[in-house]
Amino acid sequence: GGILSTSQSGMLRSAARLARPLAAQARNARSMGDTASERAHLSAKSKSLMALEDKYGADNYHPLPVVLAKGLGPKVWDVDGKEYFDFLSAYSAVNQGHCHPKIIAAMHEQSTKLTLSSRAFHNDVLGEYCEFVTDYFGYERVLPMNTGVEGGETACKLARRWGYEVKGIPKDKAKILFANENFWGRTLAAISSSTDPSSYDGFGPMMPGFDLVPFNDLATLEKKIAANASEYCAFMVEPIQGEAGVVVPEQGYLKKAHEICKKYNVLLIADEVQTGCSRTGKELASMWDGAKPDVTILGKALSGGTFPVSAVLSSSEVILGIKPGEHGSTFGGNPLACKIGIASLKALREEKMTENAEVMGNLTRKNLADMNSPLITTIRGRGLLNAIIIKPIEIKGRTVTAWDVCLELAKNGLLCKPTHDDIIRLAPALTISESQVNEACGIIEKTLKSFQ
């Protein structure tokens, strides 16, 4: 992994654009071309509901052919009453399980009192929430937002402001470093840091001042920062890369990255939107390395999947760089979100979901290894954020991919999604029991055997 300048980062993206469009087109053609056959086994009710989306909606993800109507704990049911294990958990937003009763109760109670005051006025819940969440994670201050990507955007703004006011970076020269294969959303800033053409291609020009380094490469990270230390204000990184395929760095990576950042007076921003809130068997994934990043971004499971709630946690020095009137959000810190956030975090601790995630994660990986499936080339993860890499196989003249495996898993009662062509992420609710893990792994084993 060599060092990439801003211009070289652009060249990397340009090269990727040239190298990958045919593969992307083939993927898209396959996905769109197979839609009818993928839906062939569905009921008329499911097909009609999907048809409404097709006719009046916009393309988003390419979803699995299932229409969900109900969720409880680690399970969901479709419109025809078929039961499934949910092994995506809304990309780790539903860590506490679907419709957690304590979260729903808090949500309902507050929704009958006051849902939104905007930040033009104070409300009677925001202060309580700010104290609770900062004490919970051990930070001085919190800046509340709504979606995870808003948290990322806010962290970038805070880092730039800190760079100018505290570090003394010359005006408009601040740079932020990101890891290759990162993913933190779809806004223009988020895609400007991306190395995935499907995220950024056709949406330029990109945000200036964003540079890239390889993930899990401390030597290159230090060389990159040292080459232009006076202009770097932050390094933003996921402790475990989720969309990249649950890529777990070497032990101690985050702590050593933080030491490098401190050496050159650069902030370490941990994007814990997917890995935080107990998903990996620690309350924050950074805790696996004994690291405490300068800034931590949370979202998704901060609401147990009931409402968009995100947060940027940091020091007074960083958070107070933004003065009144310089940043805002109509919904950020609304009383409904605050009550939901408190209930969501309390549930994680009171029901020992962090501990359960570690134990059930170990069991999941053991069960996957014990399958000895020739289709699985790699098993990796921490806690209940896991992935398997599927070996592409030829059956009847066509290549079977992770997508095909996910389609069969759904038919057998387990929902998960591939990331890239060969990786399947496995991330059930943290409330899942030992017997449920074993039952779900039985479905995975049965499905894999059907392809052999």
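Pro205 sits in the loop between helix 10 (197-200) and strand 6; helices (H or I, at least four residues) and strands (E, at least two) are DSSP runs, numbered from the N terminus. The peptide bond leading from Gly204 into Pro205 is cis, with omega near 0°. The model is a predicted one, in which local features need pLDDT of at least 70 and side-chain atom pairs count only at pLDDT 80 or more, while totals for chains, interfaces and linings use all residues. Residues are numbered from 1 along each chain as its sequence is written, and side-chain values use heavy atoms, with hydrogens and water left out.

Backbone oddities also turn up in helix 5. Most residues other than glycine have a negative phi, and most peptide bonds are trans. Ser89, found in helix 5 (residues 89-92), goes the other way, with a positive phi near 55°. Ser92 belongs to helix 5 too, and its phi is also positive, near 75°. As for burial, the cut-offs are under 20% relative accessible area for buried, over 50% for exposed, and partly exposed in between (1.4 Å probe, protein chains only). Ser89 has a relative accessible area of 2% and is buried; Ser92, at 1%, is buried as well.

Next come the helices with a buried side. In helix 11, the buried residues are Leu218, Thr220, Leu221, Lys224 and Ile225. They span an arc of only 160° around the axis, so they sit on the same side of helix 11; the arc is that of the directions from the helix axis to the C-beta atoms. The face of helix 11 turned away from this buried side carries Ala219, Lys223 and Ala227, which are exposed. In helix 6 (residues 101-111), the buried residues are Ile103, Ala106 and Gln110. Viewed down the axis of helix 6, its buried residues fall within an arc of 65°, so they line one face of the helix. Exposed Pro101 and His108 are carried on the face of helix 6 turned away from its buried side. Part of what covers the buried residues of helix 6 is helix 14 (335-350), where contact means heavy atoms within 4.5 Å.

On to the rings. A pair of aromatic rings is described by the distance of the centres and the angle of the planes. Rings of Phe, Tyr and Trp (its six-membered ring) pair if their centres lie within 6.5 Å; planes under 30 degrees apart count as stacked, over 60 as edge-to-face and the rest as tilted. By this rule there are seven aromatic pairs. One of these, between Phe215 and Tyr253, is edge-to-face, at 5.3 Å centre to centre with 70° between the planes. Phe215 lies in the loop between strand 6 (210-213) and helix 11 (218-227), and Tyr253 in helix 12 (residues 253-263), so the pair ties together parts that are 38 residues apart in sequence. Both Phe215 and Tyr253 are buried. Elsewhere, ring pairs join Phe132, Tyr136 and Phe137 into a cluster.

Tyr136 also has a charged partner: Arg349 lies over its face, 3.7 Å from the ring centre. For Tyr139, the partner is Lys292, whose charged end sits over the ring at 4.7 Å from the centre. The rule here is that NZ of Lys or CZ of Arg is within 6 Å of the ring centre and within 35 degrees of the ring normal.

Thr419 is found in strand 16 (residues 418-419) and, at 5% relative accessibility, counts as buried. Leaving aside neighbours within four places in sequence, Thr419 is in contact with Glu243, Gly245 and Arg425. A polar atom of the Thr419 side chain lies 2.4 Å from the backbone oxygen of Glu243.

Gly290 is placed in the loop between strand 8 (267-271) and strand 9 (295-298) and, at 54% relative accessibility, counts as exposed. The C-alpha atoms of Gly290 and Gly252 are separated by 8.0 Å, with the two positions 38 residues apart along the chain counted as their spacing.

Finally, the cysteines. With a disulfide taken as a pair of cysteine sulfur atoms within 2.5 Å, a search of the whole structure finds zero. Cys99 is in no disulfide, and the nearest cysteine sulfur, that of Cys277, is 18 Å away. Cys99 is partly exposed, at 42% relative accessibility. Cys277, by contrast, is buried, with a relative accessible area of 2%. The closest cysteine sulfur to that of Cys277 is in Cys338, 14 Å off and too far for a bond.

Note on methods: Polar contact = N/O pair within 3.5 Å; in protein donor to acceptor, adjacent residues only side chain to side chain.
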